Amino acid sequence: MKLSYYLFNGNVRNFNQLILPNKVNEENNYFELQPNNAKRDFEFKVFIQRNRSKEPKWITFLERDLQIPNRDEIKNTVNSFVVLVKVFKDDTPYFFAITGGFGFTAINKNNLENNFGLKVALNSINTKELKAFDVRNIDLKTRQKRILFNKGSEIGEFDLDFEQDLINLVSGKSKNQEFGTSIRGSTSSLSLNSDITFSRLGEKCLQILDLYLSEDYKENFGFIDNIKIIRDPEILTVLNQSLFNALRARQSDNLSLAYPDMIEYERCSSYQIKRGHKRKETTEVTLEDLYALLDEQNVGFDSPHDIEKIKITGFDDADSPVTTAVSLNHFVIYQTEYEQNTYIFSLNNWYKIDNDYMTRIDNEIMEVPLVENEDFLTEIEPNESEGSYNERQNSDYFLCLDKRNFQVTNTRSKIEICDLLSKDKHFVCVKKGTRSATLSHLFAQGSVSMILLKDSSEYRQFVINQAIQKFPEGNYSNENFPYSDCTLVYAISSAKTTDIRRNLPFFSKVNLLNHVNLIRRLGIKVALYKIPVHGDICDTDESEE
């Protein structure tokens, strides 16, 4: 039988803290089941939701133009259950919830133990029978993806980027068939297919608890500790205050929102952001929608604890909730510095970058060369657009290719070669400021262009046609393109006097190194250049993409 297990953190003292009372009540057809006389070796409470029915949203779409016999009988019916379990290990109480159907929407996710399901899965899965990973990159511009194999595979076959990818789900076959057959663990839950009876739930929870507390995962998955969860309450207090201050100031530079679970939330067609009786309806969850709720409806937002009081629920086409009411903190991604350490808030956890990992990244980024000519590009003026800046560079040395995009055949995609092409075959991509989200776009622009240059004869000819008009002596040839003479230059403006390689946000460094390695494998050089700034300029970006 496949069940979902949840472990609650040490703040929980009783069963009432495990569930949401506004969900588990008779109004929602939830009823508590009473035990029979059989004795159990664990404490428990059981609630079932029986025959909760609701008219499907699509019925109104059809009834406008069609006759529907027995219309009132067409209902979506839901049946669910929640089992709450208390067990003891070394005289310490531990609380679990086990759910079926939509029972997961009734539990209090704010009290869950972080990384529970993921650790249990990594400690119990057969490393040669891995089936799927969900990962998100450690950056403010978040990319989430699922890598799935139809047959069990080893981790090397998944092509994970251990420098950038934060694992938030893993699934595969258990190495101990008595524990279970198939396992899927996420940051908050464990889905386990096992031969289980109700009377053995206490035993199963203790078995799961032992796996959660084990560190066996380090042998094959030790890389996940490059980014470590912070548990020190004093540091967490400071970091949570920093996050609250950023939200209160309506920041966007080091802050973004992303869905906690890509599979769960892809079923949603609309969302509700809510604080008390005040709410904002939206088709996507964005910072703009959050700030609109706070500003337009004068929502109270006075301390870090208020972050948890803002709830987000996803709904399907029938206007039925398909996610639990999840607190805002599960959606937030935030990067900050504290006492010379870098921290990121993601998936309701604070992570600290491992010092050895950080030192290695800093050392590797310093090995990316700078353009040797300090006057390679001119100063940028305050508030000058990227387009204007590109157009006024030395026209004898540079060909401005800004907005001269290549239309990829049979697609709607348009690829920008670069912003400036130099006489010496520098492909220059320009970006104002050092915001992580926009730098991500810059780095991808450069690597995509260079990969197409190598792989697409049509794209290569398009580049050659542009280049030879300006630089006929450039020795460009489609068959024998001078890749080794080319340099992809990331030119980034900054008002800081320090080396541009030291100015980049940490996660931008990680991202950049990934793209540098991609480009170098093509036989093309990569360099950085700091665009000097005339006067003072904020690290913001114009809408010049």
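The following exercises, with worked solutions, concern strand pairing and helix packing in a predicted model.

**Exercise 1.** Determine in which sense strand 8 and strand 9 pair, and which residue of strand 9 is the bridge partner of Leu169.

*Solution.* Begin with the extents of the two elements: strand 8 covers residues 165-174, and strand 9 covers residues 182-186. Five bridges connect them, and the pairing is antiparallel. Within this pairing, Leu169 has Ser186 of strand 9 as its bridge partner.

**Exercise 2.** Describe how strand 9 is joined to strand 10, and state how many residues lie between them.

*Solution.* Strand 10 comprises residues 190-193. Strand 9 and strand 10 run antiparallel and are joined by three bridges. One residue pair illustrates the arrangement: Ser191 in strand 10 stands opposite Arg184. The two strands form a hairpin, with three residues between them.

**Exercise 3.** Classify the orientation of helix 9 relative to helix 14, and characterise the residues of their contact.

*Solution.* First, locate the helices: helix 9 spans residues 355-365, and helix 14 spans residues 506-520. Their axes lie 10 Å apart, and the packing angle is about 60 degrees. Roughly perpendicular would require 65 to 115 degrees, and roughly parallel an angle under 35 degrees; helix 9 and helix 14 are therefore oblique to each other. The crossing of helix 9 past helix 14 is left-handed.

Next, list the participants. Helix 9 contributes Tyr357, Met358, Ile361, Asp362, Glu364 and Ile365. Helix 14 contributes Phe506, Lys509, Val510, Leu512 and Leu513. Finally, sort these contact residues by character: eight are nonpolar, three are charged, and none is polar.

How values were computed: Residues numbered from 1 in each chain as written. Predicted model: local features only at pLDDT ≥ 70, side-chain atom pairs only at ≥ 80, totals over all residues. Heavy atoms only, no water. Pairing = 2+ DSSP bridges. Helix = DSSP H or I, 4+ residues; strand = E, 2+ residues; numbered from the N terminus. Axes fitted to C-alpha atoms, helices over the stretch in contact; angles between N-to-C directions. Parallel < 35°, antiparallel > 145°, perpendicular 65-115°, else oblique. Left-handed = near helix turned anticlockwise from the far one by under 90°. Contact = heavy atoms within 4.5 Å. Nonpolar A, V, L, I, M, F, W, Y, C, P; charged D, E, K, R; others polar.
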